Amino acid sequence: STLYFPIFEASLDKYNLPIELRALPIIESALNPSATSPVGAKGLWQFMYATGKYQGLEISSYVDERMDPALSTDAACRYLKKMYDLFGNWELALAAYNAGPGNVSKAIRYSGGKTTFWEIRPYLPKETQNYIPTFIAAVYAINYASLHGIYGEPPPATFVEIDTVHAIAPVGLKDLMTVLSIDSTLLVLLNPQYKLQHVPGPKDGKVYSINLPKAAIPSYIENSDSLYAFAERRLKKVPVPTPTTTPSKPTGTRSTVRYYTVKSGDTLGAIARKYGVKVSDLQRWNGLRGTTIRIGQKLKIRK
């Protein structure tokens, strides 16, 4: 919460929405910006592909802004405001966020025109019936956990320890780690929206942001020229895949198989992100029970 709540609260204030809505990502994603549901919802606010695109979030081979804490929060606030304007009631607006406005409108009709969540609750999907009570519980937990002797562990960084820079050219997160000596785990945590750990350069007037620890900003400014020169040389040797939007594979399309040889420093999660697949799929394709891999091991990847 010390990392993400300031982002939530700023957007909620911008759109004049209740501060209590900051609890929503707790029940949606457990405050994990990389969370992915079994049906494909992603990010802190668990946007489905279509809803994310409708709210103006970029979803491509390189970038998935559903996992960008700031941009997804702004999109979620705009969507929540639309739901409230539609139903005029926050409990119904939250139910619509979970089940979709069509299901809430249908439940209202089936209930004979009732206009409160508790009256239409029996006519909603089971998950949505429990959604509002779970939200209320999360709000209670935020405010009163300490009374029950429950305290959170500090995150790797807090909001006040993070700053943002703009990528003036294509650059990889590994380039930043190498040139600026930034902890790799922290850098990936702060920039989950870059699926291949690659930040595109400016395109069509859009500039991509990189979240860095504030302590690294002076080094970034001082070493900016050498950083982007280093990234340019690396990209000439190992280009990233051509960016495309992420289409669904048509039914009946045969998958292709490639093999990846594990190198020093590789992790199963990083390899999965590089190829746009799930860790669980890598484990299944290669008969892995855990996430331990060894240098020189060949991993099967299906696309």
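This briefing covers the nonpolar cores, one buried helix face and selected residues of the structure above. The model is predicted. Its largest nonpolar core has 44 residues. Another core, of 24 residues, lies apart from that one.

**Largest core**
- The residues with the most contacts inside this core are Leu24, Trp45, Leu94, Tyr97 and Val104.
- Seven helices give two or more residues each: α1 (5-14), α4 (69-87), α5 (90-99), α6 (101-110), α7 (117-120), α8 (126-144) and α10 (184-190).
- Helix α4 gives the most, with seven residues.
- Leu94 is in contact with Leu21, Leu24, Leu80, Tyr131, Ile132 and Phe135, leaving aside neighbours within four places in sequence.
- In soluble globular proteins, nonpolar side chains tend to be buried together.

**Second core**
- The core of 24 residues includes Ala167, Val171, Ile182 and Leu212.

**Helix α9**
- Helix α9 spans residues 173-180.
- Its buried residues are Leu173, Asp175, Leu176, Met177 and Leu180.
- These buried residues pack against two helices near the chain's later numbering, α11 (217-222) and α12 (224-237), and also against α10.
- They pack against strands as well: β2 (171-172), β3 (198-199) and β4 (209-213).
- Ser181 comes just after α9 and takes a positive phi of about 55 degrees.

**Helix α8: Thr128 and Tyr144**
- Thr128 lies in helix α8.
- Is Thr128 buried or exposed? Thr128 counts as buried because its relative accessible area is 1%, and the cut-off for buried is under 20%.
- Thr128 touches Ala95, Asn98, Ala99 and Phe117, not counting residues up to four places away in sequence.
- Tyr144 is also found in helix α8.
- Tyr144 has a relative accessible area of 40%, so it is partly exposed.
- Tyr144 belongs to a nonpolar surface patch with Tyr140 and Leu147.
- Together, the three patch residues have about 350 Å² of accessible area.

**Loop residue Lys114**
- Lys114 is found in the loop between α6 and α7.
- With a relative accessible area of 38%, Lys114 is partly exposed.
- Which residues are in contact with Lys114, leaving aside its neighbours within four places in sequence? They are Ile108, Glu119 and Ile120.
- Lys114 and Leu31 are 83 residues apart along the chain, and their C-alpha atoms are separated by 34 Å.

Technical notes. Residues are numbered from 1 along each chain as its sequence is written. This is a predicted model: local features need pLDDT of at least 70, side-chain atom pairs count only at pLDDT 80 or more; totals for chains, interfaces and linings use all residues. Side-chain values use heavy atoms; hydrogens and water are left out. A nonpolar core is a set of buried Ala, Val, Leu, Ile, Met, Phe, Trp, Tyr and Cys residues joined through side-chain atoms within 4.5 Å. Buried means under 20% relative accessible area, exposed over 50%, partly exposed in between (1.4 Å probe, protein chains only). Helices (H or I, at least four residues) and strands (E, at least two) are DSSP runs, numbered from the N terminus. Contact means heavy atoms within 4.5 Å. Patches are made of residues with over 30% relative accessible area and no salt bridge: like charges are joined within 9 Å, nonpolar side chains (Val, Leu, Ile, Met, Phe, Trp, Tyr) within 5 Å. Accessible areas come from the Shrake-Rupley method with a 1.4 Å probe; for residues, only the protein chains shown count as cover. A salt bridge is a side-chain nitrogen of Lys or Arg within 4 Å of a carboxyl oxygen of Asp or Glu.
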